[in-house]
Amino acid sequence: MTAGTVIALISLVVALVALSLAISTTRRIGVRDPVAVPPMWRRMLRIRPLPALDLAAAAGRSDARERVAFIMNPTKGGIAELREQALRACAIRYLPEPMWYYTTAEDPGTGQAREALAAGADVVVAVGGDGTVRAVAEGLAGSGVPMAIMPMGTGNLFARNLDLPLGDVPALLRTALEGAERSSDVGWLTLVRTPEGEEEGERHIFLVIAGAGLDAEMVAGADDRLKKQFGWVAYFFAAVQHLGKRMMARITVDDGEPVDSHMRTVLLANVGRLPAGIQLVPDASFDDGMIDVATLDARGGIVGWTELFGTVVAQGAGIREPWHTRVWRTSRIDHVRGRTVDIRFDEPQKVQVDGESLGRATRVLGEVDAGALRLRVPATSVPGGEATHDAEALPGSSEAG
């Protein structure tokens, strides 16, 4: 890679970061003070104000004297203050004193969630990042007991897709104790590590996005110190190191015909929104009973990656490119939906689920468990689960290079 190319890539990353920060700041201002943002920009950025409190639901739940269990990641800052606020929030609602569980390195939340169920919890609150949320969800899936989220991580991707008021502890506690309930799908990813291990596999839950290829390399390579200093922006710096890698995969969705294709990454999405409002997989919805499969590819160096970013921004604004024009482009994003997906790689590829690196696998199998998880969400702030979208086919075989 020449010096000019490196400089161009760095310039692109800086531009993307600046754009993302501008969008994120505008959305945050718009949520808190909608009048401060012009109507056209509110529509374009899909800014919605914070939900109003559902007093009838709050009264009904207070009479029921719900038992609330908090499962906390003790490594996150502000845990002591949060516990104090949670005690007050439960006390003023005449709820029983909440139960407290703390995650460990050996058990990030699944065992604690099952303990809370056994102790009679009526709602379980996951306090931490996406890893804690995912582990607690694994313990609650299929139980019918709702999960609430107090996001305290770097990405908080699932919380963002639920339109939770990040950083507003009182509002998050109101949602946990008084919010509406909604069913959510969960995804399950089974990894096969070696070609001969056809009948063996490790099963992992995901709530946001599982993927292999560039996105998994990015997750595995992100520097922890940069994540603490710059948040999710640190992943962009990790991605630059792997922009030259492509892979070959054979993808089968449901009972369809296998499709061979070259790509940079393949994603299995339960929801599709990234930080700064970027819609990576715009059709994905947490309650549609489907997995959204997206493949991303870019050729032609900086031109292809610039074009790919433009496509992501355009599809987030609801602009879809006609299929026949993609033949002439140096990048493409293709989507298909289904309930099961089988992906086989010609070489072992890194895999991630919800931002956790799982190492390499030669094959991954994904499936959706529709409506398996109950969630507490803001009463008037639910992603467009009822919207229907036209599915697009995965690409045919493409040339390497």
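This section describes the overall make-up of the chain, its nonpolar cores, its helix packing and several individual residues in a predicted model.

The chain contains 12 helices and 14 strands. Of its 401 residues, 51% are buried. Among contacts with a sequence separation of 6 or more, 70% are between residues 24 or more positions apart.

The largest nonpolar core has 61 residues, and the members that touch the most other members are Phe-70, Val-124, Met-147 and Phe-158. Beyond its neighbours within four places in sequence, Phe-158 contacts Asp-130, Val-133, Ile-149, Ser-184, Leu-207, Val-208, Asn-270, Val-271 and Leu-375. A second core, separate from the largest one, comprises 24 residues, including Leu-189, Leu-191, Ala-210 and Leu-268.

Two of the residues in contact with Phe-158, Asp-130 and Val-133, are also among the buried residues of helix H6. This helix spans residues 130-140 and is largely enclosed by the rest of the structure, because 9 of its 11 residues are buried. In addition to Asp-130 and Val-133, the buried set consists of Thr-132, Arg-134, Ala-135, Val-136, Ala-137, Gly-139 and Leu-140. After H6 comes Gly-142, which has a positive phi near 85°.

Ala-135 lies in H6. Its relative accessibility is 6%, and it therefore counts as buried, the limit being under 20%. Outside the residues up to four places away in sequence, Ala-135 touches Pro-108, Gly-109 and Thr-110. The C-alpha atoms of Ala-135 and His-204 are 9.5 Å apart, although the two residues are separated by 69 residues in sequence.

Thr-110, one of the residues touched by Ala-135, also takes part in the packing of helix H5 on H6. H5 covers residues 110-118, and its axis is 7 Å from that of H6, at an angle of about 45°. H5 is therefore oblique to H6. The two helices cross in a right-handed sense. On the H5 side the contact involves Thr-110, Ala-113, Arg-114 and Leu-117, and on the H6 side Ala-135, Val-136, Glu-138, Gly-139 and Leu-140. By class, the residues of this contact are 5 nonpolar, 2 polar and 2 charged.

A further helix pair is formed by H4 (residues 79-92) and H8 (residues 169-178), whose axes come within 11 Å and cross at roughly 50°. The two helices are therefore oblique to each other. As H4 passes H8, the crossing is right-handed. H4 contributes Leu-82, Gln-85, Ala-86, Ala-89 and Cys-90 to the contact, while H8 contributes Val-169, Pro-170, Leu-173 and Leu-177. The residues of the contact between H4 and H8 comprise 8 nonpolar and 1 polar, with no charged residue.

H8 is also largely enclosed by the rest of the structure, since 7 of its 10 residues are buried. The buried residues in H8 are Ala-171, Leu-172, Leu-173, Thr-175, Ala-176, Leu-177 and Glu-178. Leu-173 and Leu-177 thus appear both in this buried set and in the contact with H4.

Two residues that are not glycines have positive phi values. Tyr-94, with a phi of about 60°, is located in the loop between H4 and strand E2 (99-102). Tyr-94 counts as exposed because its relative accessibility is 66%, against a limit of over 50%. Asp-354 has a phi of about 50° and is located in the loop between strand E13 (340-353) and strand E14 (356-377). Asp-354 is buried, its relative accessible area being 9%.

Another loop residue, Gly-289, is placed between strand E10 (265-269) and strand E11 (291-298). Its relative accessible area is 10%, so Gly-289 is buried. When residues up to four places away in sequence are set aside, Gly-289 touches Asp-185, Arg-339, Val-368 and Ala-370. The C-alpha atoms of Gly-289 and Gly-187 are separated by 9.7 Å, and these two residues are 102 residues apart along the chain.

Note on methods. Residues numbered from 1 in each chain as written. Predicted model: local features only at pLDDT ≥ 70, side-chain atom pairs only at ≥ 80, totals over all residues. Heavy atoms only, no water. Helix = DSSP H or I, 4+ residues; strand = E, 2+ residues; numbered from the N terminus. Buried < 20%, exposed > 50% of the residue type's maximum accessible area, 1.4 Å probe, protein only. Contact = heavy atoms within 4.5 Å. Axes fitted to C-alpha atoms, helices over the stretch in contact; angles between N-to-C directions. Parallel < 35°, antiparallel > 145°, perpendicular 65-115°, else oblique. Left-handed = near helix turned anticlockwise from the far one by under 90°. Nonpolar A, V, L, I, M, F, W, Y, C, P; charged D, E, K, R; others polar. Core = buried A, V, L, I, M, F, W, Y, C linked by side-chain atoms within 4.5 Å.
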